[in-house]
Amino acid sequence: MKLAIFSLAASMLIATVVGMPAASPEALSRRNIPPKPSEDSFYANPAGFESAAPGTILKNRNLPSTIAAFGLIPANIKYTQQILYRTTNALGDPASAVATILIPYNADYTSLLSYQIAEDAASINCSPSYALQFASDSGGFVGTIVTQLEWLLIQAALEQGWPVVLPDHEGLNATFLANYAGGKHVLDGIRAALASESFTGIKSDASVAMWGYSGGSLVSAAASELKDSYAPELNIVAAVLGGPIPNINNALYTLNQGLFAGLIPDGILGLSNAYPALETMVQEGLKSSKKAKFNTAYDTCLGASALNFALQNMFSYFDDAQGLLAEAVPSGILANNSLGHSTPSVPIFMYKSILDEIDSISYSDKLYKTYCNGGAKVKYVRDLISEHGTLAAFGAPKALTFLAKAFNGETVVSKCTKTNTLSSLLDISTAQVLPSFLKDTILNLLYKPVGPFLIG
Ligand SMILES: *[C@@H]1O[C@H](CO)[C@@H](O)[C@H](O)[C@H]1NC(C)=O
Ligand SMILES: *[C@@H]1O[C@H](CO)[C@@H](O)[C@H](O)[C@H]1NC(C)=O
């Protein structure tokens, strides 16, 4: 978190010193205030959508406003488009979801990265498709700060020339922690991006990889597990899971009374959005004196929820929290949305901080074992000098190197390996990637065209 805040402060400083960088007329003309998803008719199931096959593009449009780092600094992306596509929700019913497709300059149209942002909120107004636009509302003070920081990682991927699809994997109902529905939203977002060649240029047979950190790793892992049964036709060459939180039931206990206790109401209300039976039980179980405060998390984004509930005992909001958690519906939902239900055939790179304060590393060790015992191929790196927040940044160069090899057709994992590293930042591959990562990040904030520089 400290590094994250440092890099945020540095970027803000650059933005202030340089002022608004010059922008192309096209981007300038799209620097409007975008409507919130809750007030935007694009975010709705269109008539007759149920009969479309999962992954079908139902609608597409230019973004209402331009993509901007921290909602302020327009990014110079070659082409951006939003799509609404058919998918499946947590009850197994037809649903639709929005995704943003980003094409860098000098793109390699035979690769596609699906990046899953850790939205971690129960409001549709925290959707990445909206939060990444210029002048979007942050859903409370620093509400979408994590999304804004993750934009720097997405930009680093675009720098490699990879087209990127960013699914709103929580769907139109903001179903945070409904991880297997999220996994289907990811897979259908990939299908839709592969069907978009006529306007994006992405080849229908492009090699696909997935990447996500924390909340983004949950749905990326679920998508890896579901791929063979739900979307066997996809050519997914790698999945990168940073800071996974495999056991969400356990996370409730580790998060409680900590800095990120606000993830508890975000998660419980996110699951309530997915499962109406749970919603009834939760609302009946809340103390009447504390219900209104708990339910503010229906409207705030992650950073704001974290501030509102930091260090609080979230169990004290309920008449009998432990009793409620033990009942069949809540415990079944938590178990069903924890990871490890099936073995992914996709090669996996998993990295996790040994000192992770959100979720004990033992659960990631256990997931590694479950996957490997089932025959998966997993490269697992446990990182010592980091915690949950800093590893998001420290682990990124290694993740980019892994993805680049996978897109190159190299064998990235031939068997399960589990290693400890002092710091992922000291890795050789990191030393090769990091300088250009930092340089590009700064230049992109100055409106450099985002994409690899090609000679000739
Ligand atoms: C949102 O939730 C409502 C109530 O459960 C449901 O009827 C609707 O189909 C859901 N929408 C999506 C897109 O899943
Ligand atoms: C959990 O998953 C099982 C198996 O798919 C299903 O039968 C059960 O209804 C699910 N439980 C809940 C609470 O959704």
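How many ångströms separate an oxygen atom of ligand 1 from an N or O atom in the side chain of Asn173? In this predicted model, the separation is 2.2 Å.

**View 1. Surroundings of ligand 1 in the predicted model.** The residues around ligand 1 are Asn45, Asn89, Ala95, Asn173 and Pro276, a shell that divides into two nonpolar, three polar and no charged residues. Besides the pair that involves Asn173, at 2.2 Å, an oxygen atom of ligand 1 lies 3.0 Å from an N or O atom in the side chain of Asn89. Ligand 1 exposes 360 Å² when taken alone, and the protein buries 57% of that area.

**View 2. Helix α14 and the elements against which its buried residues pack.** Helix α14 spans residues 328-336, and Pro330, Ile333 and Leu334 are buried in it. Seen down the axis of α14, the buried residues fall within an arc of 95°, so they line one face of the helix. In an α-helix there are 3.6 residues a turn, so residues three or four places apart point the same way. The buried residues of α14 pack against α8 (248-255), α9 (263-274), α10 (276-285) and α13 (321-326).

**View 3. Ala99 in strand β5.** Strand β5 covers residues 94-103 and contains Ala99, which counts as buried because its relative accessibility is 0%, where buried means under 20%. Leaving aside residues up to four places away in sequence, Ala99 touches Gln81, Gln82, Ile83 and Tyr85, together with Val165, Leu166, Pro167 and Asp168. Ala99 and Ser129, although 30 residues apart in sequence, are 6.4 Å apart in space, C-alpha to C-alpha.

Definitions and conventions
Residues numbered from 1 in each chain as written. Chains lettered and ligands numbered in written order. Predicted model: local features only at pLDDT ≥ 70, side-chain atom pairs only at ≥ 80, totals over all residues. Heavy atoms only, no water. Near = heavy atom within 4 Å. Polar contact = N/O pair within 3.5 Å; in protein donor to acceptor, adjacent residues only side chain to side chain. Areas by Shrake-Rupley, 256 points an atom, 1.4 Å probe, with all protein chains shown as cover. Nonpolar A, V, L, I, M, F, W, Y, C, P; charged D, E, K, R; others polar. Buried < 20%, exposed > 50% of the residue type's maximum accessible area, 1.4 Å probe, protein only. Helix = DSSP H or I, 4+ residues; strand = E, 2+ residues; numbered from the N terminus. Arc of directions from axis to C-beta. Contact = heavy atoms within 4.5 Å.
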